[in-house]
Amino acid sequence: MKIETKMSQENIDFLRQKFPDISEAEFEVLKEFFALKVLGVLDSISAMKEYDPQFATSKEGIYQFFVNKKLNGDMTLFNKWQKELKKEIKRIGRLATKERQAGFGGRREFLTWYLQIPKRCDYCGITEKEYAEARSKLLKSKDKRRNSFCLEIEKIIPDLKPGYCKDNCVLACYLCNNDKSDIFTAEEYRASDFPKKRAEYLKKIIKNNRG
């Protein structure tokens, strides 16, 4: 599979919010850095050679090669990105379970899909950012999964084999994922008023809460 560094607009917005003061040129490198770290390319000699054939003839380590080529040798900026994005990179990496890797055809294939898919619930349309705000301020629970600020990876058809594959996976908020369960088909649930009305309600509360 060709190594791709494209990502969803929501991921781009996340990076922009984390690093609002860097130049446009640096931001383009930041997007590439983030994707390559998530995909494990910057931590694999063979993957880096595949991504950039020039690395095969370099005597530098992967990090130094990337910094010299993309950031004019500015390792300080590179290290800052690593430190501040470490938590999010680890979170995404943990999603690549063995079952998901098998269904998608590999770890990189799954993570590429996750980086590129829009971060909004496939059923109610609420964005991950809106969902996180609702969770943090309005929907508190002692249950760890219910308190997650992130959208979940939902199998459209639960009994399909393999369950986790590109054609059978979407992102869904916990509320829709739990509500749909195995009772409704995806088509039935999308056609119902439940997810839409709940999203409208949450957005209204979020708006009022912002004052």
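Mentor: A residue is called buried under 20% relative accessible area, exposed over 50% and partly exposed in between, with a 1.4 Å probe and protein chains only. This is a predicted model, in which local features need pLDDT of at least 70 and side-chain atom pairs count only at pLDDT 80 or more, while totals for chains, interfaces and linings use all residues. Residues are numbered from 1 along each chain as its sequence is written, and side-chain values use heavy atoms, with hydrogens and water left out.

Trainee: What percentage of the residues in the protein is buried?

Mentor: The protein has 211 residues. Applying the threshold of under 20% relative accessible area, the buried share is 44%.

Trainee: How many helices and strands are there in the protein?

Mentor: Helices (H or I, at least four residues) and strands (E, at least two) are DSSP runs, numbered from the N terminus. Along the sequence the pattern reads α-α-α-α-α-α-α-α-β-β-α-α-α. The count is 11 helices and 2 strands.

Trainee: In which sense do β1 and β2 pair?

Mentor: Two strands pair if DSSP finds at least two bridges between them. Strand β1 covers residues 152–155, and 4 bridges link β1 to β2. Glu152 has Ala172 in β2 as its bridge partner. The sense of the pairing is antiparallel.

Trainee: Which residues of β2 point the opposite way from Cys169 and Leu171?

Mentor: Strand β2 spans residues 169–172, and its residues are all buried. Cys169 and Leu171 point one way, and the other way point Val170 and Ala172.

Trainee: Which helix gives the most residues to the largest nonpolar core?

Mentor: A nonpolar core is a set of buried Ala, Val, Leu, Ile, Met, Phe, Trp, Tyr and Cys residues joined through side-chain atoms within 4.5 Å. The largest has 62 residues, and Leu30, Phe34, Trp81, Leu85, Trp113 and Ile153 touch the most other members. With 8 residues, the greatest contribution to this core comes from α2 (residues 24–38).

Trainee: Which residues are in contact with Leu30, leaving aside its neighbours within four places in sequence?

Mentor: Contact means heavy atoms within 4.5 Å. Leu30 is also one of the core residues that touch the most other members. Its contacts are Leu15, Phe19, Ile22, Trp81 and Leu85.

Trainee: Which class has 12 residues in the lining of the largest pocket?

Mentor: The lining comprises 22 residues, and α1 supplies the largest share, 7 residues. Asp, Glu, Lys and Arg count as charged, Ala, Val, Leu, Ile, Met, Phe, Trp, Tyr, Cys and Pro as nonpolar, and the others, Gly among them, as polar. Beside 5 nonpolar and 5 polar residues, the class with 12 is charged.

How values were computed:
On a 1 Å grid over the protein atoms alone, a cavity is a set of points where a 1.4 Å probe fits but cannot get out, and a pocket is an open set with protein on both sides within 12 Å along at least five of seven lines; lining residues have an atom within 4 Å of a point.
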